[in-house]
Structure formats: structure tokens, C-alpha cells
Amino acid sequence: MLNSFVEQPFVPRETPDALSRLHALALRYMTSEEINLIIQAFHLAREAFQKSENSAAAPLLFRALDVASILADLMHVDAVGVAAGLVFEAVDADALSLNQVEEVLGASTARVVGSMLRLNILERRKQEVSAAGSRRSLEEDAGSSSSAESKKPRIREALRRQQAETVRKMFVAMAEDPRVVLLKLAYRLQAMRQMCQPTFKGDPQEMITMAQETREIYAPLAGRLGMSRIESELEDQAFQILEPDKFVWVRDLVELESKQWRSYVERVCTILRAEMAAIGVKAEVSGRVKHLYSFYKKLARTAGDVDDLEALKAAADINQIHDLIAFRILVTSTPDCYTALGHVHSLWKPKEGRIKDFIANPKPNGYSALHTTVFCLDDHLVEVQIRTHSMHEMAEYGVAMHWHYKDVGDNASASARELLTWLRQLSEWQHELRASDASDTEFVEAVKGDIFQEQIFVFTPKGEVKDLPVGSTPLDFAYRIHTKIGDSCAGARIITEAGSGETARLMTRMVPLDYELKSGEIVDIITSRSAHPTRDWLSFARTAAAKSKIRRYLKLHERDINIQIGRERLERELKMVTGRVLDAVSEDLENYLSDEYHLESFDDILAAVGADDVRPRAVVQRMIEYWQLREGKEGRENKDEEETVKLPAVSSVKPTTEARLKVAGVSGLLTRLANCCCPLPGDPIVGFVSRGKGVIVHRTDCRNIAGFRQREHERLIHVSWQGMSPMSYMAPIVITGRDRVGLTRDIVSTIADAGISLISIHSNVSGKGTVVVTTATLELDDLEQMYRLFTRLEKIKGVMHVARDLGGHR
């Protein structure tokens with residue numbers, strides 16, 4: 001069969017060896033029919049290159065064979081995936097069309113190649129941006145260094161945009177057919193292998209960029225797809241390029257440790273083989289040392305926050321790494337896994353808290369095994385992993401195994417369905433981020449944080465496992481289950497097991513929404529029809545997906561309240577600065593403001609003001625500019641008319657409320673109400689004669705007045721509310737209540753229903769997260785109106801106490 005690969009004349013010198021290797025790899029797991037598809041793909045690619053007379057045909061064909069070998073060796077991809085890898089270079093070089101691929105190899109192969117082609121176009125654009133940036137930097141280094149520095153952020157942002165678009169497209173392609181991302185990973189691995197060769201000559205900056213991207217995105221992606229061999233190799237290659245000195249140090253250290261441990265590993269393996277045979281378990285036993293980058297990360301943790309290599313060498317302690325050596329036991333059945341585990345524990349004492357059962361609760365990427373850490377020979381701590389052969393294949397080759405065994409569709413296993421669900425969620429997740437107007441930088445950072453960072457595994461009460469980034473909260477867990485569960489989340493219970501043996505029992509405890517979940521916990525989400533997202537939730541959520549869904553809900557449901565608050569704030573600011581009311585705003589002015597703020601309607605501006613996205617002072621300034629322009633135009637058209645009255649300029653400082661009270665029995669004198677205690681009509685008051693500011697009116701129980709009585713009592717004067725014209729007054733209040741979802745919303749709604757303007761509102765959770773203190777500043781007519789509002793507020797569920805803020809919040 002191999003002869004059918006090489007029977008034609010166009011064969012590069014290196015090709016026969018590569019073909020032989022690919023053929024041997026395919027024979028390990030493919031049928032003759034599947035191998036025939038690969039033979040057809042090779043012939044198609046070779047003939048296309050032969051006809052194209054492309055000078056780079058031989059290297060391109062050899063690279064295609066190299067990629068196909070990676071797909072077959074490290075991933076066990078099915079024949080469609082390997083065939084796509086063989087013909088992609090010819091399609092990318094315009095030597096072969098997608099129609100020809102579909103006609104000869106089928107629609108599935110053509111679809112994978114087409115998706116990969118779109119990703120490659122984006123990758124090429126990114127490389128062009130990087131190359132252009134490098135050329136520009138070289139040119140500018142010879143000229144102005146300040147000019148070069150100013151352009152670097154733009155180059156980085158252009159690269160970030162291209163990277164974000166590549167990742168977005170990759171997620172969409174993955175949801176359609178995961179073979180696409182497998183092909184992408186194979187090409188990345190082949191490129192990284194080339195760059196790590198001592199003879200490789202390339203642009204250093206491009207190498208660093210690729211290595212960073214590999215470490216941040218492609219290696220973690222391989223891990224999330226269950227492809228541990230690919231993940232490890234990509235991590236080590238990125239490590240070699242990004243930190244070459246540390247790489248050499250760790251490599252030499254591991255080689256030295258491996259030599260020292262070799263006899264120990266052989267002794268333990270011999271014992272385990274004999275013990276497994278003694279209990280009738282057919283097993284394969286092997287020992288290994290952690291791969292380089294994994295070993296480096298563990299070593300760096302022992303050194304603390306140290307980055308310099310010499311300091312790292314001095315501070316790192318290899319003796320603190322307990323699982324440097326790992327042993328693997330491969331058995332034939334799942335019951336044998338547990339039998340082997342029990343016998344290992346009878347041989348050596350297990351370390352408490354280090355036994356993990358991924359067979360009963362597989363990881364979402366399909367990984368299943370038993371892990372334990374034991375005090376082995378000479379009391380050395382070592383890790384032992386126990387798997388069946390099929391579990392081992394799944395751990396090595398990951399998602400590709402599902403396609404090879406046709407473990408897809410309605411007949412998919414539980415692990416395959418979970419993985420397919422995750423792939424679909426990736427596509428939905430990136431659409432949600434795009435809908436929430438996340439920037440390219442935010443998108444890439446969210447990818448690293450939500451998907452590719454270290455994960456915890458949390459269980460539903462039904463035993464389903466959900467993976468989340470470290471630091472996630474019950475809100476993230478609720479939205480991970482379903483958007484509706486998240487939107488109606490009212491709390492969470494953590495279910496834990498107390499005691500052991502016959503005395504073991506399940507215990508539940510309530511946790512707040514900002515509780516940091518821990519791996520292995522069982523979380524029961526409590527929902528309520530009255531619960532809904534609030535702005536506070538954005539500070540509780542850890543994942544970008546949860547935050548995106550919260551923002552979307554707020555955008556849809558808080559709009560009416562924000563419009564009402566925005567209208568009141570804008571009305572108050574407009575009245576204070578110009579003396580006009582909001583009803584005087586014409587339709588032309590509303591359209592003008594909408595255009596200025598790039599919003600669809602004036603209501604959108606009011607909602608933005610209510611949500612604190614736009615300052616009311618800025619909107620009023622635009623209104624004044626509009627009126628001045630319009631009145632200036634009318635003045636030019638009607639020169640005979642009187643000069644237009646100019647509107648007052650906007651002051652940067654909010655003026656103190658002016659009042660006309662009776663001072664020492666005389667009305668009409670200028671007085672000002674103090675900001676420290678905000679007196680209201682009906683309050684007992686006293687005046688303080690200030691220098692150059694008239695009489696400042698305070699409440700008699702104001703703490704500032706107590707000081708004046710001791711130091712300057714002769715400047716205190718009697719004042720009364722008689723003679724006051726109707727006006728509004730600022731009144732800060734304090735509302736204390738039990739923290740619950742929707743409390744702030746209910747407070748705002750009650751204030752609005754009472755016809756009272758809300759100037760500002762702020763909430764703080766105190767105590768152990770159970771009590772919330774809300775401070776609000778209102779615009780009131782008198783004390784009676786305030787006390788009527790207090791009665792309404794005290795009827796709100798959870799509100800314990802309402803009072804005026806006598807501490808001076810203004």
C-alpha cells in the first residue's frame with residue numbers, strides 16, 4: 001500500500017521517509033478504507049503542486065506530510081482530518097481549488113480545509129502587520145525615537161485586533177467541526193518545532209509573538225480539548241523561546257534529577273508490576289518526570305515572587321515538589337482501576353486530600369483516571385495515576401478520539417456530549433461578548449481568563465461537573481448552567497460532607513453571591529421570581545460570560561428607571577444653571593443632543609445620565625451651546641431687534657442654596673443654607689454671620705454650631721423660616737436594611753412614586769455581608785414631605801431603619 005503513495009515521479013528527497021512514517025502511524029488505528037482516503041489526498045496534493053510549477057512545491061508538500069503525521073501520531077485524528085492536512089498547503093498556495101477537494105475527497109474534507117483557509121488569511125494579515133511594525137521600528141530607530149515609541153501602541157493594537165479576530169473565527173469553526181482547530185494546533189506545533197531548531201533563522205520579534213500566543217492561547221486550548229501531549233510540547237517550546245536561560249537551567253536540572261531517580265523509578269515499577277500480577281490485575285506500569293514547563297512552574301512557586309534567574313536558582317527548593325515523579329498504571333477495566341488503587345494504598349500510605357476520582361466525575365474535556373499521592377519507598381512522595389487503556393487514549397489524544405470512534409451525535413457518550421456542549425458554548429460566548437461591545441483587548445483577556453486559565457471543577461446537586469476559572473462565584477456557576485438560572489439567582493447553598501464512615505452526613509450552608517467557589521464543592525443555586533440582576537452583580541461576577549449576560553439584562557430592564565433618574569437629574573441641573581425647565585427642550589434640541597452623543601433618541605441620553613455614564617452638567621453645557629448658536633443666528637437675521645439675552649455660563653462649582661429668611665425679625669436679607677447639616681423648613685435653626693457670605697443657616701444641633709458657640713458665640717444670630725418663598729432643599733438620608741436582591745431598585749422606585757427627586761444614591765454592605773447601608777440625597781419641600789417618605793420606605797421588605805443623615809454628607 002505504501003508504494004501507491006510514491007509511485008509517481010514528483011517526490012522530494014525527504015518525502016519517502018515522511019510517507020513511510022505517516023503510513024505506519026495510520027495503520028495503528030485506521031481501516032484500509034480510511035487509509036485509501038489519505039492516499040487519494042496525497043496524490044491530489046502532489047499532482048496539484050506538480051502542475052503549478054511552484055518553486056516552493058517540495059518544501060510545502062513536505063510540511064503537509066509533517067502536519068499530517070502530527071495529526072495521526074499525537075491526535076489520532078480520523079482520515080478526514082489527516083486528508084485535510086495533506087491538501088491544505090496546495091489549496092493555500094492556489095494550486096488546488098476547494099471544488100476539486102470536495103469532488104475527490106468529499107464535502108467534510110473540503111469544509112475543514114475551507115475553514116482553515118479563512119483562519120490562515122487572518123493569520124497572514126497579522127504577520128503582515130507584525131512585519132510592517134518591525135520594518136517601521138527599524139526605520140524609526142535611525143530617526144526619531146519618540147516617534148517610534150508613539151507608534152508602538154498602534155502596532156500592538158493592530159496585532160491585538162487580528163489576534164482577537166483569529167480567535168473569534170476559530171471558536172466559530174470549532175463549533176462547526178473541531179477538526180479545524182486540530183489542524184490549526186498541528187500547524188502551530190509544526191511551526192514551533194521548526195523555530196526551536198538550532199539552525200532556524202527567523203525574525204526574533206515574530207518568534208516571541210508566536211511563542212507568547214502559543215503559551216497564552218494554543219497550549220491551554222489543547223489542554224481544554226484533552227490533548228495533554230500537545231499541550232505539554234507547546235508549553236515547553238514557548239518556554240524555550242520566551243525564557244531561553246531558564247529553559248536551559250530547568251532542562252539540565254531535570255536531566256540531572258532523572259539520572260538520580262532512574263534506579264528508584266525502576267525499583268518502584270518492578271514492585272508495582274509484581275504486586276498487580278499477585279492480585280490478578282493485568283497491568284502496564286511506567287514512571288516519568290514532569291515535562292519541563294510544568295516542572296518550572298512548580299519550582300518557581302517554591303521560590304516565591306522571584307523573576308531573576310540567579311535569584312530563582314538560590315530560592316527554588318526542589319525538595320518541596322512532591323509530584324516530580326509520577327507513575328502510571330494501565331489496566332483493562334474500570335473495576336481493575338479501583339482494585340489497583342486499593343492495593344497501592346495497602347502498600348504505601350496515601351497523602352490526605354490528594355486522592356482524586358476522575359472516573360466517577362470526569363473532567364469536562366473527557367479525562368478519566370484515578371490519582372493518588374503516596375509516601376512511597378524511602379518515604380518519598382510520588383503521584384500514581386491509574387487508568388484503563390481507553391482512558392489513556394482519551395487523555396493522550398483528547399477530542400479527536402470522539403471523532404475516530406464516531407462518538408458524536410445522539411449516540412455520544414456523556415463526556416463527548418459535555419465536550420460538544422462546551423464547544424457550542426464557546427461560539428455563543430464570543431457572540432455575546434461581541435454584542436456587549438467588548439474591545440479586542442477585553443475579548444482576548446477574557447479568553448485567557450475565562451477559558452484558558454487554571455480551572456476549578458464544581459458540581460451540581462445532580463452530580464454534573466462544571467468547570468470555571470479560579471476565583472469564580474455562585475453567580476458565574478448559575479450563568480454557566482443557564483442564563484435563566486443566572487438571571488433569577490437569589491442565593492446559593494454549598495453542600496459538604498461532615499464526618500466519615502457511618503457517621504457521615506451532608507451539611508448545607510448558605511453563602512453570599514460573592515463567595516469564591518472551591519474545586520470539588522457541590523453548589524445548589526436558589527432561584528426566585530423576584531430576583532434579577534443589579535449593577536452590584538457586575539462586581540460579584542468573575543467570568544466575562546456572566547458579566548456580559550448581566551449587562552444585557554440591565555440594558556433591557558433598567559432602562560425605564562434610568563430614564564426617570566436621568567430626567568430628574570437633568571431637570572435639576574438645567575434649572576440651577578439656566579433657570580429653564582426640561583419641558584422647554586424642543587424636538588430640534590433633542591435631535592441635536594442625540595447626534596452629539598451618537599445615540600438614537602433623547603431617552604437614550606436620559607438613560608445614560610441615570611446610569612452615570614453621562615454627566616448632567618455636560619448635557620446642560622451642550623444645551624447652552626445650542627441655544628447660544630441659535631439665538632446668535634436669529635440676532636444676525638433680525639438686526640433691528642434688541643440684543644439677545646445671553647445665557648449664563650456653566651459654573652464648575654455647585655452654588656449653595658440661597659434663601660430669604662427672617663434674620664433678627666427682618667425679612668429680605670441674604671442668607672444661605674449650610675451644606676453640612678442641610679436644614680429643612682420646620683427644623684430649629686440658627687444663623688452664623690460669615691465674613692463676606694452673609695448669614696449661613698444651620699440646624700441648631702449641627703456639630704459645627706457647637707464649635708461656633710464656644711469660639712465665636714457673638715456671631716450667632718436668630719433666624720426663622722417666616723417669609724420664605726416656596727423652594728426645594730437638599731436632604732441626605734440613611735436607609736439601613738438586610739441585604740437582598742432588588743433592594744436598591746425598590747428604594748429608587750418608592751422615592752420616584754412619592755414624586756421626589758433623587759439626586760444621588762450609594763450602597764455599602766457592612767458587617768458580614770448581611771446588612772446594607774444606603775445613603776441617598778433627595779430634593780424636598782419640607783420636613784413633612786420627608787417624614788411621609790420615611791413611612792413609605794420603612795414598608796419596603798428588608799428595610800430596618802430610615803433616618804436623616806445628621807453626619808453631613810454634603
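Me: What is the mean pLDDT of the chain?
Reply: This is a predicted model, where local features need pLDDT of at least 70, side-chain atom pairs count only at 80 or more, and totals for chains, interfaces and linings use all residues. Numbering runs from 1 along each chain as its sequence is written, and side-chain values use heavy atoms, with hydrogens and water left out. pLDDT is the predictor's confidence in each residue, from 0 to 100. Here 74% of residues reach 70 or more, and the chain's mean is 76.

Me: How many contacts beyond four places in sequence does the model have for residues 639-657?
Reply: Contact means heavy atoms within 4.5 Å. Another stretch, 407-412, stays under 50 in pLDDT and has eight contacts beyond four places. Residues 639-657 also stay under 50, and the number there is 27.

Me: Which helix gives the most to the largest nonpolar core?
Reply: A core joins buried (under 20% relative accessible area, 1.4 Å probe, protein chains only) Ala, Val, Leu, Ile, Met, Phe, Trp, Tyr and Cys through side-chain atoms within 4.5 Å. The largest one has 75 residues, with Leu71, Met75, Val82 and Val87 making the most contacts inside it. Eleven is the top share, written as 11 residues, and it comes from residues 179-195, helix α9.

Me: Which residues is Val87 in contact with, leaving aside neighbours within four places in sequence?
Reply: Val87 is among the residues with the most contacts inside the largest core. Beyond its sequence neighbours, its partners are Ala41, Leu44, Ala45, Leu96, Val101, Leu105 and Val113.

Me: How many residues does the second, separate core have?
Reply: Val697 and Trp721 belong to it, as do Ile747 and Leu780. Those four are among its members, and the core's count is 30.

Definitions and conventions:
Buried means under 20% relative accessible area, exposed over 50%, partly exposed in between (1.4 Å probe, protein chains only). Helices (H or I, at least four residues) and strands (E, at least two) are DSSP runs, numbered from the N terminus.
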